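Reader: I have a new structure to look at and I'm not sure how to read it. Could you walk me through some of its features?

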Amino acid sequence: MEKNIDKTVLNRKATLFVTPPSGIIDEQQVFEYTKAFSTMKLLPSINKGMSLKITPQGIVQEPVNTFEMKKIDDSFKITSGPDRIEIISSKKDESMGDFLVLVNQATSILQGLIKAPIVRLALFDSEAYFFDIAQIDKAYGLFVNGSEEKPIEWQMQKVLRGHLSEDNTIVINKVYTVSRNRIGINGSPAKDAILLSAEVNTPLGINVDVLKKSISIFWTKAADIINEYLDKSRTLILTV
């Protein structure tokens, strides 16, 4: 990087959406997950909470349990809720390639454990660049074709529809976002930053058998799309 810019990776996340319930509902299944993920040195944790559910009688609260397998420092974890399983990393010095190694390892284990069909996939990455306010105002002008406005809050997002590969069997959404935020890292005071984030996901309706066979390919191609967007946006903001 040519400039000495204060930059940090916020988090990376791979999500497998499933038909509820995801299957982690009793002690036997908790035991199975704990045993299966021992090769990745992950520790189990169960968190109890409440969620909102829409019923004919209105919106009501219902109890929900979230099961996690995580590193002792919480830098990497696999979280299972009612309709999704998320593979999350918050390591600051990890590349997308390093993350995908863990994602593929975890996915391989999960496919032997998940009882419900996988109906959607998503891959997400975000990073923050810390600038002074004058630089952030200048960066805003770059993204809106030279505008001289200086908004104290702003966000721009676009969603593009495409296909994972040339055979057009798997439709994908590409979600790109750039915004001004105040972000604090590891308990430090919040500072002004430009946040870049990108997500590639599949919409509902894709054949579950086709999706299951394409999981590894999806992670790889989605990562390429995300890296391309972040590289281009990073090059642009580093000109300020």
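Author: Let's go from the overall layout to a few local details. Keep in mind that this is a predicted model.

Reader: Okay, the big picture then. How many helices and strands does the protein chain have?

Author: There are five helices and nine strands in the protein chain. Written in sequence order, the pattern is β-α-β-β-β-β-α-β-α-β-β-β-α-α.

Reader: And what share of the residues counts as buried?

Author: Of the 240 residues in the protein chain, 46% count as buried. As for the outside, the accessible surface is about 13200 Å², and 52% of that belongs to carbon and sulfur atoms.

Reader: What can contacts tell me about residues far apart in sequence?

Author: Take the contacts between residues at least 6 apart in sequence: 68% of them join residues at least 24 apart.

Reader: Let's zoom in. Which residues of helix 1 are buried?

Author: Helix 1 covers residues 27–36, and Gln 29, Val 30 and Tyr 33 are its buried residues. Look down the helix axis and the buried residues fall within an arc of 105°, so they line one face of helix 1. Over on the other side, Glu 27, Phe 31 and Lys 35 are exposed.

Reader: Now strands. What's the general idea about their side chains?

Author: In a regular strand, side chains alternate between the two faces of the sheet.

Reader: Is strand 9 mostly covered or mostly open?

Author: Mostly covered: nine of the 11 residues in strand 9 are buried.

Reader: Which strands pair with strand 9?

Author: One partner is strand 6, residues 118–130, which pairs with strand 9 in the antiparallel sense over nine bridges. To find a spot on that side, look for Ala 122, which stands opposite Asn 201 of strand 9. Strand 8 is also antiparallel to strand 9, and 11 bridges join them. There, Tyr 176 has Ala 198 in strand 9 as its bridge partner.

Reader: What about the loop between strand 8 and strand 9?

Author: Pro 189 is a good marker, as its place is in that loop, between strand 8 (171–183) and strand 9 (191–201). Exposed means over 50% relative accessibility. Pro 189 has 66%, so this residue counts as exposed. Leaving out residues up to four places away in sequence, Pro 189 touches Ile 183 and Gly 184.

Reader: How many aromatic pairs are there?

Author: A search of the whole structure finds five. In one of them, Tyr 33 and Phe 37 are tilted, with 6.2 Å from centre to centre and 40° between the planes. Both Tyr 33 and Phe 37 are buried. Tyr 33 also pairs with Phe 67: their ring centres are 6.0 Å apart and their planes are at 90°, so this pair is edge-to-face. That pair links distant parts of the chain, with Tyr 33 in helix 1 and Phe 67 in strand 3 (residues 58–70), 34 residues apart. Phe 67 is buried, as is Tyr 33.

Reader: Which cluster does Tyr 33 belong to?

Author: Tyr 33, Phe 37 and Phe 67 form one aromatic cluster. You've already met Tyr 33 among the buried residues of helix 1.

Reader: Last one. Where do charged side chains sit over rings?

Author: The charged end of Arg 120 sits over the ring of Phe 17, 4.5 Å from its centre. Then there's Lys 13, which lies over the face of Phe 124, 5.8 Å from the ring centre.

Notes:
Residues numbered from 1 in each chain as written. Predicted model: local features only at pLDDT ≥ 70, side-chain atom pairs only at ≥ 80, totals over all residues. Heavy atoms only, no water. Buried < 20%, exposed > 50% of the residue type's maximum accessible area, 1.4 Å probe, protein only. Helix = DSSP H or I, 4+ residues; strand = E, 2+ residues; numbered from the N terminus. Arc of directions from axis to C-beta. Contact = heavy atoms within 4.5 Å. Areas by Shrake-Rupley, 256 points an atom, 1.4 Å probe, with all protein chains shown as cover. Pairing = 2+ DSSP bridges. Phe/Tyr/Trp six-rings, centres within 6.5 Å; stacked < 30°, edge-to-face > 60°. Lys NZ or Arg CZ within 6 Å of the ring centre and 35° of its normal.
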